[in-house]
Amino acid sequence: TGVSPIVCDISDEKLQLVKTIAPPGTHTVDISDTSKALATIIQLTSGGPDCVIDFVGSDETCNFGITLLLAKLHRGDPGKYVGVGLYGGKFNDLFLSKLVFRRISVEGVFVGSLENLKELVELVEQQIHVPLPIVEKELSLCNLNEAMEELKKGKIMGRAVF
């Protein structure tokens, strides 16, 4: 619908990587300073995002996502938080009444639908994709804790696959 993606992270190195692989028009926002990031995103979206997709799932990212949706200037517009990342985060002080009155839905996504897969295959066939960096390190379930610690410290660029 003509909306440019906004990619958020606390790592300048990762945000720089996004700038090299993301489609034109993609915005990057450092969320180390949450107040400044909130103001920037509200400005970029003319009042606040309609949807937040959280690929990390930590306490910090899920709470920032909900804060973005609650801060929408057009309070009658619905919002959606989509949790994809499985880092084990939890929402702090989130009351059901806030979700109901602000028309915010929370959805967890573990796998995509068949329709999503078809759309992805179509994009790949059109060559509208940029490969994500892959960690060139053998990971196994035996060193899962080590990998999770590296993720927590922000040392892994791209995705880690076991």
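This is a guided tour of the structure above, one selection at a time.

**The whole chain**

Begin with everything shown as a cartoon, and keep in mind that this is a predicted model. The protein contains 6 helices and 5 strands, and if you trace the chain along its sequence, these elements follow the pattern β-α-β-α-β-α-β-α-β-α-α. Of the 162 residues of the protein, 25% count as buried. Among the contacts with a separation of 6 or more, 58% are made by residues 24 or more positions apart.

**The opening β-α-β unit**

Now select residues 6-9, which form strand β1, together with residues 27-30, which form strand β2; these two strands run parallel and are joined by 4 bridges. To see how they line up, show isoleucine 6, which stands opposite histidine 27 in β2, and then cysteine 8, which stands opposite valine 29 in β2. Add helix α1, residues 12-21, to the selection, and you have a right-handed β-α-β unit made of β1, α1 and β2.

**Around helix α1**

Keep α1 on screen and show its side chains. Which residues of α1 are buried? They are Lys14, Leu15, Val18 and Ile21, and when you look down the axis of α1 these buried residues fall within an arc of 125 degrees, so they line one face of the helix. A rule about helices helps here: an α-helix has 3.6 residues a turn, so residues three or four places apart point the same way. Turn to the other side of α1, and you will find Glu13 and Thr20, which are exposed. The buried residues of α1 are covered by parts of the protein that include β1 and β2.

**Around helix α2**

Next select helix α2, residues 34-44, in which Ala37, Leu38, Ile41 and Ile42 are buried. These residues cover an arc of only 130 degrees around the axis, which puts them on the same side of α2. On the other side of α2, by contrast, Ser35, Lys36 and Gln43 are exposed. If you ask what covers the buried residues of α2, the answer includes β1, β2 and α3. Before leaving this region, select serine 46, which follows α2 and has a positive phi, near 55 degrees.

**Lysine 72 and its surroundings**

Move on to lysine 72, which you will find in the loop between α3 (59-70) and β4 (79-83). Is lysine 72 buried or exposed? Its relative accessibility is 2%, and because buried means under 20%, lysine 72 counts as buried. Show the side chain of aspartate 50 as well, since a polar contact of 2.8 Å joins it to the side chain of lysine 72. Leaving aside residues up to four places away in sequence, lysine 72 touches Gly47, Gly48, Pro49, Asp50, Asp77, Pro78 and Arg102. Of these, arginine 102 is worth selecting: lysine 72 and arginine 102 are 30 residues apart in sequence, while their C-alpha atoms are 9.2 Å apart in space.

**An aromatic pair**

For the last stop, look for paired aromatic rings, of which the count comes to 1 pair. Select tyrosine 81 and phenylalanine 91: their ring centres are 5.3 Å apart and their planes stand at 80 degrees, so the pair is edge-to-face. Tyrosine 81 lies in strand β4, whereas phenylalanine 91 lies in the loop between β4 and α4 (96-101), so the pair ties together parts that are 10 residues apart in sequence. The two partners can also be compared by their accessibility. Tyrosine 81 has a relative accessible area of 5% and is buried, whereas phenylalanine 91, at 30% relative accessibility, counts as partly exposed.

Terms used:
Residues are numbered from 1 along each chain as its sequence is written. This is a predicted model: local features need pLDDT of at least 70, side-chain atom pairs count only at pLDDT 80 or more; totals for chains, interfaces and linings use all residues. Side-chain values use heavy atoms; hydrogens and water are left out. Buried means under 20% relative accessible area, exposed over 50%, partly exposed in between (1.4 Å probe, protein chains only). A polar contact is a pair of N or O atoms within 3.5 Å; within protein, one must be able to donate a hydrogen and the other to accept it, and residues adjacent in sequence count only if both atoms are side-chain atoms. Contact means heavy atoms within 4.5 Å. Two strands pair if DSSP finds at least two bridges between them. A crossover is right-handed if, with the strands pointing away from the viewer, the path from the first strand over the helix to the second runs clockwise. Rings of Phe, Tyr and Trp (its six-membered ring) pair if their centres lie within 6.5 Å; planes under 30 degrees apart count as stacked, over 60 as edge-to-face and the rest as tilted. The arc is that of the directions from the helix axis to the C-beta atoms.
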